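Trainee: I have this model open in my viewer and would like a close look at a single part of it. Could you pick the central piece of the main sheet and walk me through its surroundings?

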Amino acid sequence: MNILFIGDIVGKPGRHAAAGLLPALQEKYGITYTIANGENAAGGYGITPDIARALLNMGVDLITTGNHVWEHKDIIPYMSGSDTVLRPLNISPLAPGAGVAVLRKTGEQPLAVINLIGRVFMAPAECPFHTALQALAALQQDHPDVVHILVDFHAEATSEKQALGWFLDGRITALFGTHTHVQTSDESILQQGTAYMTDAGMTGVIDGILGMDREQIIQRFTTSVQKHADVAKGKEELQGVVVRTDDAGKAVSVLRIKEQL
Ligand SMILES: [Fe+2]
Ligand SMILES: [Fe+2]
């Protein structure tokens, strides 16, 4: 089957690009499951229940997040009552919401998604390597029919992303990185059949800085005044990756996606 993974959707332009480009992409690549990172979907910071519903309505099956997950507090009760928005599993075992979900569609093989967060140049978190092993053991026990497993590793350091990719090679279908908002060109299939890409990129305005207003971000660096920036305006792009798999859950091809609206 074919799985589409979309890099961090940033603000209204990101949602607009996703809504405009998703139907054709899903059709072109015969997509069974669409996963999107939505940690910046609400004005660049966090996600709200209304925006989560809008993403799900436009054809996203599951939303992953990252360090900005709790920016809007009303997502917490929403997440507790639904398994369509994940938070990183290794933030803390006591955090609200879930970090793993199993998607099932009639006539299709199921897909498990695990959302993890890095610890290098990031806020403190549990070990993503150990947490991943625990999650895989739990999946094997609770959902023995699941062979397709996708990991969104929301992390800053390339080395940490590559290390987790190789650590999980052969145990999962794909590991795609998020958080840097800059798409990398290292999409590949590792030796034991796991698809890997350091960063899936960003879905939003490409002429901003990580999807946010250029001038405001430059000002932040030049003045050291830290405040939330506005979402950029301009040319919109959807960035992500499509992985094609066999029935055993191994990746057979991986394709970088970068489409302008
Ligand atoms: Fe992000
Ligand atoms: Fe992030």
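Mentor: Happy to! This is a predicted model, so let us begin with confidence: the chain has a mean pLDDT of 97, and 100% of its residues reach 70 or more. Confidence is highest in β8, at 99, and lowest in helix α3 (residues 75-80), where the mean is still 93. Let us take β8 as our part.

Start with burial. Of the 5 residues of β8, 5 are buried, so the strand is largely enclosed by the rest of the structure. Ala-174, Phe-176 and Thr-178 point one way from β8, while Leu-175 and Gly-177 point the other way. That fits a general pattern: in a regular strand the side chains alternate between the two faces of the sheet. Both sets are buried here.

Now for the neighbours in the sheet. β8 belongs to an open sheet of 6 strands with mixed pairing, in the order β5-β6-β7-β8-β10-β9. The edges are β5 (100-103) and β9 (188-189), each of which pairs on one side only. On one side of β8 comes β7, which runs parallel to β8 and is joined to it by 5 bridges. One pair to find in your viewer is His-154 with its bridge partner in β8, Thr-178. To get from β7 to β8 the chain passes through α5, and this β-α-β crossover is right-handed.

On the other side, β8 and β10 also run parallel, joined by 3 bridges. Here Ala-174 stands opposite Ala-195 of β10. Follow the sheet outward and the sense changes: β10 (residues 195-197) and β9 run antiparallel, with 2 bridges between them. In that pairing, Ser-188 has Tyr-196 of β10 opposite.

Next, the helices that pack on this sheet. Helix α4 (residues 128-142) touches β5, β6 (111-117) and β7 (148-154), and its direction makes about 160° with that of β6. Helix α5 (residues 158-167), the one in the crossover, touches β7, β8 (174-178) and β10, and its direction makes about 170° with that of β8.

It is worth rotating the view to look down α5. Its buried residues are Glu-160, Lys-161, Leu-164 and Gly-165. Seen down the axis, they fall within an arc of 135°, so they line one face of the helix. The general reason is helix geometry: an α-helix has 3.6 residues a turn, so residues three or four places apart point the same way. What covers these buried residues includes α4, β7, β8 and β10, so our strand appears again in the surroundings of the helix that leads into it.

For contrast, finish with a residue elsewhere in the chain. Arg-214 sits in helix α6 (residues 214-223). With 14 other C-beta atoms within 10 Å, Arg-214 is partly exposed, because a residue counts as buried only at 20 or more and as exposed at 12 or fewer. Leaving aside residues up to four places away in sequence, Arg-214 touches Gly-208, Ile-209 and Ala-232. Gly-240 is 26 residues from Arg-214 along the chain, and their C-alpha atoms are separated by 22 Å.

Note on methods:
Residues numbered from 1 in each chain as written. Chains lettered and ligands numbered in written order. Predicted model: local features only at pLDDT ≥ 70, side-chain atom pairs only at ≥ 80, totals over all residues. Helix = DSSP H or I, 4+ residues; strand = E, 2+ residues; numbered from the N terminus. Contact = placed C-beta atoms within 7 Å. Pairing = 2+ DSSP bridges. Axes fitted to C-alpha atoms, helices over the stretch in contact; angles between N-to-C directions. Arc of directions from axis to C-beta. pLDDT = per-residue confidence, 0-100. Right-handed = clockwise from strand over helix to strand, strands pointing away.
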